[in-house]
Amino acid sequence: MATTWSKLVRLYNELVGRLGSIDGVYHVLSRITHLYLNGASLYSVIVFKQDEDIYWRIWKEAFNVTSSVGATISHHHGTGLLKRDFVKIEMGNQWNLLKSIKELLDANNIMNRSKLIW
């Protein structure tokens, strides 16, 4: 996750509070990394009961938190398949623009088929 300095404390507080309130989440450990003039990224380790439903509730709530504070769920590591649905929502109409560019440059859909753009 990443955001501007003015939103970072709110991102941290809401993330810790909202993820910590999920039944089966034991600890939310976060640290600031990758400092920039306009903001930073927040890396978190979540200790939770090993349950796939809890895992996905954590990701959905983390996305809800980042969206509500104006942050992004992704940073320099990219999104991967795990976060692609969240990124599509986060990008809004920009996702359609990205899809159009991909279709123009890759009309046969041979590059990274069904990855970020599907």
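Biologist: Is Leu97 buried or exposed?

Modeller: This is a predicted model, so read every value as computed. A residue counts as exposed when its relative accessible area is over 50%. Leu97 has a relative accessible area of 53%, so Leu97 is exposed.

Biologist: In which helix does Leu97 lie?

Modeller: Leu97 lies in helix 4, which covers residues 93-105.

Biologist: Which residues form a nonpolar patch on the surface with Leu97?

Modeller: A nonpolar patch joins side chains within 5 Å, from residues with over 30% relative accessible area. Here the partners of Leu97 are Ile101, Leu104, Leu105, Ile110 and Met111. Together, the patch residues have about 680 Å² of accessible area.

Biologist: Let us turn to pockets. How much space lies in the largest pocket?

Modeller: About 360 Å³. The lining has 18 residues, and those closest to the pocket centre are Met1, Leu42, Ser44, Trp59 and Lys83.

Biologist: Which elements give two or more residues to that lining?

Modeller: Strand 3 (39-48) and helix 2 (52-69) do. Strand 3 supplies the largest share, with six residues.

Biologist: How do the lining residues divide into nonpolar, polar and charged?

Modeller: Twelve are nonpolar, five are polar and one is charged.

Biologist: Now helix 3. Is Ile89 buried or exposed?

Modeller: Apply the cut-off used for Leu97: exposed means over 50%. Ile89 has a relative accessible area of 58%, so Ile89 is exposed. Ile89 sits in helix 3, residues 84-91.

Biologist: What distance separates the C-alpha atoms of Ile89 and Phe63?

Modeller: Keep two separations apart here, one along the chain and one in space. Ile89 and Phe63 are 26 residues apart along the chain. Their C-alpha atoms are separated by 9.7 Å.

Biologist: On to the backbone. What is phi of His34?

Modeller: Look at the sign and at the residue type. Phi of His34 is near 50 degrees, a positive value in a residue other than glycine. His34 lies in strand 2, residues 25-35.

Biologist: Why does His34 count as partly exposed?

Modeller: Partly exposed is the class between under 20%, which is buried, and over 50%, which is exposed. His34 has 33% relative accessibility, so His34 counts as partly exposed.

Biologist: Where is Asn109 found?

Modeller: In the segment after helix 4. Phi of Asn109 is near 50 degrees, a positive value in a residue other than glycine. Asn109 has 31% relative accessibility and therefore counts as partly exposed.

Notes: Residues are numbered from 1 along each chain as its sequence is written. This is a predicted model: local features need pLDDT of at least 70, side-chain atom pairs count only at pLDDT 80 or more; totals for chains, interfaces and linings use all residues. Side-chain values use heavy atoms; hydrogens and water are left out. Patches are made of residues with over 30% relative accessible area and no salt bridge: like charges are joined within 9 Å, nonpolar side chains (Val, Leu, Ile, Met, Phe, Trp, Tyr) within 5 Å. Accessible areas come from the Shrake-Rupley method with a 1.4 Å probe; for residues, only the protein chains shown count as cover. A salt bridge is a side-chain nitrogen of Lys or Arg within 4 Å of a carboxyl oxygen of Asp or Glu. Helices (H or I, at least four residues) and strands (E, at least two) are DSSP runs, numbered from the N terminus. Buried means under 20% relative accessible area, exposed over 50%, partly exposed in between (1.4 Å probe, protein chains only). On a 1 Å grid over the protein atoms alone, a cavity is a set of points where a 1.4 Å probe fits but cannot get out, and a pocket is an open set with protein on both sides within 12 Å along at least five of seven lines; lining residues have an atom within 4 Å of a point. Grid points are joined across faces, edges and corners, and a volume is the space filled by probe spheres set on the points. Ala, Val, Leu, Ile, Met, Phe, Trp, Tyr, Cys and Pro count as nonpolar, Asp, Glu, Lys and Arg as charged, and the others, Gly among them, as polar.
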